[in-house]
Amino acid sequence: MDLVRLDDPTNMNVLGLLLGGYLQHVLQDSALAQRARRLQGNVCLKAGSMWTTLCFDGRGVEVVRGKTASCKAVVEGEMHDLLRLVTGGGVRGMATAVGPFLRRRLRVRGDVLFLLRMMPILTGGS
């Protein structure tokens, strides 16, 4: 079974396609793959008007178009701010995200601890 699965890839939005491809790449690292398998819950991401949900289910992650009913955490912002956070890498990535958070261009709600456990996956382990 694939570690990263796209739900309905032919109708997936750009955010979901980008995240799916990125996750397939970074989860080739066995430590990050193991971390992804230990996570349970959904994270809803909104970039502009697009919603995508990352559903961690103990087998990996399913990328779903739209916002699911149950979300442990929600992250909202503009596409370039979200991509900068993801591609910034580790502590440097978190440091570059401080500005957008302070200017309220990135907003976070829900289980912040869950997001922190997921952060190494999104930053590629940096």
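In this predicted model, strand E1 pairs with strand E4, which spans residues 61-65, and the two strands run in the parallel sense over three bridges. Within this pairing, Arg5 stands opposite Glu62 of E4. In general, the strands of a sheet are held in such pairs through backbone hydrogen bonds, and the pairing may be either parallel or antiparallel. The pair formed by E1 and E4 belongs to an open sheet of six strands, in which the order is E1-E4-E3-E2-E5-E6 and the pairing is mixed. The edges of this sheet are formed by strand E1 (4-6) and strand E6 (106-110), each of which pairs on one side only. From one strand to the next, the twist averages 15°.

The sheet is part of a protein that has five helices and six strands, and these elements, read from the N terminus on, follow the succession β-α-α-β-β-β-β-α-α-β-α. Of the 126 residues in the protein, 46% are buried. When contacts between residues at least 6 apart in sequence are considered, 67% of them join residues that are at least 24 apart. The protein exposes about 6,600 Å², and 55% of this area is supplied by carbon and sulfur atoms.

Helix H5, which comprises residues 112-122, lies across four strands, namely strand E2 (40-47), strand E3 (50-57), strand E5 (73-77) and E6, and it runs at about 75° to E2. A nonpolar patch on the surface is formed by Val108, Val112, Leu113 and Leu116, which together have about 340 Å² of accessible area. Helix H5 gives the most to this patch, with three residues. One of the patch residues, Val112, is found in helix H5, and because its relative accessible area is 46%, a value between the limits of 20% and 50%, Val112 is classed as partly exposed.

A contrasting environment is found in strand E5, where Val75 lies. The relative accessibility of Val75 is 8%, and this residue therefore counts as buried, since the category requires a value under 20%. Leaving aside neighbours within four places in sequence, Val75 is in contact with Cys44, Leu45, Lys46, Leu82, Arg107, Val108 and Leu115. Among these partners, Leu45 is 30 residues away from Val75 in sequence, yet the C-alpha atoms of the two residues are 4.9 Å apart in space. Another of the partners, Val108, is also a member of the nonpolar patch on the surface.

Helix H1, made up of residues 14-26, contains Val14. Because its relative accessibility is 48%, Val14 counts as partly exposed. When neighbours within four places in sequence are left aside, Val14 is in contact with Met50 and Met79. The positions of Val14 and Met50 are 36 residues apart in sequence, and the C-alpha to C-alpha separation of this pair is 8.1 Å.

The loop between E1 and H1 holds Asp8, a residue that has a positive phi of about 55° although it is not a glycine. Most residues other than glycine have a negative phi. With regard to solvent accessibility, Asp8 counts as partly exposed because its relative accessibility is 37%.

Conventions
Residues numbered from 1 in each chain as written. Predicted model: local features only at pLDDT ≥ 70, side-chain atom pairs only at ≥ 80, totals over all residues. Heavy atoms only, no water. Pairing = 2+ DSSP bridges. Axes fitted to C-alpha atoms, helices over the stretch in contact; angles between N-to-C directions. Contact = heavy atoms within 4.5 Å. Patch = residues over 30% accessible without salt bridge, like charges linked within 9 Å, V, L, I, M, F, W, Y side chains within 5 Å. Areas by Shrake-Rupley, 256 points an atom, 1.4 Å probe, with all protein chains shown as cover. Salt bridge = Lys/Arg side-chain N within 4 Å of Asp/Glu carboxyl O. Buried < 20%, exposed > 50% of the residue type's maximum accessible area, 1.4 Å probe, protein only.
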